[in-house]
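Visitor: I would like a close look at one small part of this protein, and then at how the rest of the chain is put together. Please keep it plain and take it step by step.

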Amino acid sequence: MAEIITMPRLSDTMTEGVVAKWLKKVGDKVSEGDILAEIETDKATMEFESFHNGELLYIGIEEGKTAPVDSIIAIIGESGEEYKSLLEQKIVEEEKKEEERAEAPVEVVIEEEAIQVETPEGVEVITMPKLSDTMTEGTVAKWLKKVGDKVSEGDILAEIESDKATMEFESFYQGSLLYIGISEGESAKVDSVLAVIGKEGTDISGLIESFKRPAATSVKPKAQKENSKSTSDKVISSTQLSPVEMQTVVKKESNGRVVASPLAKKLALEKNINLERVQGSGEGGRIIKRDVENYVETGSPVSNKPFVPRGQESFEEITNSQMRKVIARRLAESKFTAPHYYLNVEFDMDNAISFRNQYNSLPDTKISFNDIVIKATAMALKQHPQVNSQWFDDRMKINHHVHIGVAVAVEDGLLVPVLKFADEQSLTQIGSSVKDFAGRARNKKLAPNEMEGSTFTISNLGMFGITDFTSIINQPNSAILSVGAIVEKPVVKEGKIVVGNTMKLTLACDHRTVDGATGALFLQTLKGYIENPITMLL
């Protein structure tokens, strides 16, 4: 689908920008991260990168021309995609908004005495920048300057996390960093006060107080003011009712008739209950069957006290990190585009347990059951390359190399470092690599190229005591293996019930590339390696 690119807001005071130079022309292929153009702001000329993949279909602002922030400068989409209707719709929407803003009557309502705070000479207030065309708020990932530090024009003040990426935010002023308004890890709307820069020793206490004080005036449409007032009156009148008064209110129509369902009326007649004494719990106070069944006459020995909870509703809102947003988007895309199906198996682990104990008895050697599963999976994939495939819209890619992604849980979500050419590595090498990847993943030290190129993925929750589960395919891969815990339980061997150890695995497959029989044959091969690990060394 075509994406409209608008003039970005690259500085806190920028209201319009000049396209100094286009680095792509109509018809060029564009990848995420490519520099589209050089934009001249009121402070500097900066590179503007693309957040989309596709082809540059349309350029709305020529080189050297000026355009307001948020105006259309380009459209990116698929080759040959029709975009003119989208462009016309956007233009019509913008014109309609302009007309509504021009026609809407406004009234300035003075809520309290306005306090004028003058910005000291030489002091500049820095606000949260709009770093992408869809950005509405940003998170300060890291401050690279602290209060009191000298700041020069071009210095990087902070790393700002937008809805697309984490980007460096540079200063357009020089002086001393006098105030930080948003701490690391906190989020704020675009144009919120981010920092103050000025001459060292300048008193900005009054300015800081004005940031913390609510606005003295507000601009509202007249209709909104009246609606707000009537809504407020309704809230006041409803909150003034005491619990006793609310319990005794009976819904009646203007003619005095009690509002009740037909079934409630029939039940009340059978039980000889006066409906005027029954409190309705239905919509608008309507009496329903439950109200009649639960009704107890005043003075009855049975008390019908209403339940009064002692607890309070509470919740905590946590801002989604960029990692969490990407995980949500990619998993949703996989789940709702790839036709998943699942194959469940249970393997005998007695030989694997003995094998691991003997292997770990060697000096300076230690492997885990997960290492055995990875090695066995890699060798099975070499024999069943169809399971080691990837789906694309126009083709299917059968991989003859085995790069296994190993899912690692981290604080913010999930990372998948890739063990490349896993079939060629020894068990010891696999164990060492996985341990290194897991440690660096949790410390956020993995390089991007270490998380790219997987052809198959393994997710293991056995260490948490999970016996079996299903996973979502890590696209564009065609399958993912879910590994459960080893469980000691009664099993039948040679016609006798004995104590054994088993492990359940679930293979999630994309039916577009892996048919049921293909997945089943792969699991048979995997079973041979895991139940007889010595065969992996032959």
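Guide: This is a predicted model, and the part to start with is the pair of strands β15 and β17. The two run antiparallel and are joined by four bridges. In this pairing, I180 stands opposite A195 in β17. Strands of a sheet pair through backbone hydrogen bonds, either parallel or antiparallel.

Strand β15 covers residues 175-180, and S176 belongs to it. Is S176 buried or exposed? Its relative accessible area is 3%. The cut-off for a buried residue is under 20%, so S176 counts as buried. What does S176 touch, once its neighbours within four places in sequence are left aside? Its contacts are G148, D149, V196, I197, G198 and E200. Three of these names can be placed at once, as β17 spans residues 193-198 and the list includes V196, I197 and G198.

Strand β17 itself is mostly covered, with five of its six residues buried. Besides β15, it has β10 (residues 124-127) as a partner. β10 and β17 are also linked by four bridges, in the antiparallel sense. Here T127 is the residue that stands opposite V193 in β17.

Now for the wider chain. There are eleven helices and 28 strands. Of the 538 residues, 38% are buried. Among contacts with a separation of 6 or more, 62% are between residues 24 or more positions apart.

One sheet uses strands from early in the numbering. It is open, with four strands in the order β5-β4-β2-β7 and antiparallel pairing. Its edges are β5 (45-49) and β7 (66-68), each of which pairs on one side only. On average, neighbouring strands in this sheet are turned by 40° against each other, ignoring direction. The edge strand β7 is joined to β2 (residues 16-22) by three bridges, again in the antiparallel sense. There, E16 stands opposite P68 in β7.

Another open sheet has six strands, in the order β19-β28-β27-β26-β22-β25, and its pairing is mixed. The edge strands, pairing on one side only, are β19 (340-348) and β25 (418-420). The average turn between neighbouring strands here is 30°, direction ignored. For a parallel pair, look at β26 (residues 456-460) and β27 (residues 479-493), which share four bridges. S459 has S482 in β27 as its bridge partner.

Helices pack on this sheet. Helix α11 (residues 516-531) touches β19, β26, β27 and β28, and its direction makes about 25° with that of β19. Helix α8 (residues 350-360) lies across β19, β27 and β28 (496-510), at about 95° to β28. Which residues of α8 are buried? They are D350, A352, F355, R356 and Y359. An α-helix has 3.6 residues a turn, so residues three or four places apart point the same way. The buried residues of α8 pack against the strands β19, β27 and β28, and against the helices α9, α10 (427-442) and α11.

Next come α9 and α10. Two packed helices are described by the angle between their axes and the distance between the axes. For α9 and α10, the axes come within 9 Å and cross at roughly 115°. The crossing is right-handed. On the α9 side, the residues in contact are N370, D371, I372, I374 and K375, and they meet L427, I430, G431 and V434 in α10. Sorted by class, this contact holds five nonpolar, two polar and two charged residues.

Last, the nonpolar cores. How many residues does the largest one have? It has 48, and the residues with the most contacts inside it are I404, F456, L481, L507, F522 and L526. Helix α9 (residues 369-383) gives this core its largest share, eight residues. L507 is a useful one to follow: apart from its neighbours within four places in sequence, it is in contact with Y341, Y342, L343, F456, A479, I480, L481, G519, F522 and L523. Another core, of 20 residues, lies apart from the largest one, and M128, L157, A188 and V190 are among its members.

Key:
Residues are numbered from 1 along each chain as its sequence is written. This is a predicted model: local features need pLDDT of at least 70, side-chain atom pairs count only at pLDDT 80 or more; totals for chains, interfaces and linings use all residues. Side-chain values use heavy atoms; hydrogens and water are left out. A nonpolar core is a set of buried Ala, Val, Leu, Ile, Met, Phe, Trp, Tyr and Cys residues joined through side-chain atoms within 4.5 Å. Buried means under 20% relative accessible area, exposed over 50%, partly exposed in between (1.4 Å probe, protein chains only). Contact means heavy atoms within 4.5 Å. Two strands pair if DSSP finds at least two bridges between them. Axes are lines fitted to C-alpha atoms, for helices over the stretch in contact, and angles run from 0 to 180 degrees between N-to-C directions. A crossing is left-handed if the near helix is turned anticlockwise from the far one by less than a right angle, and right-handed if clockwise. Ala, Val, Leu, Ile, Met, Phe, Trp, Tyr, Cys and Pro count as nonpolar, Asp, Glu, Lys and Arg as charged, and the others, Gly among them, as polar.
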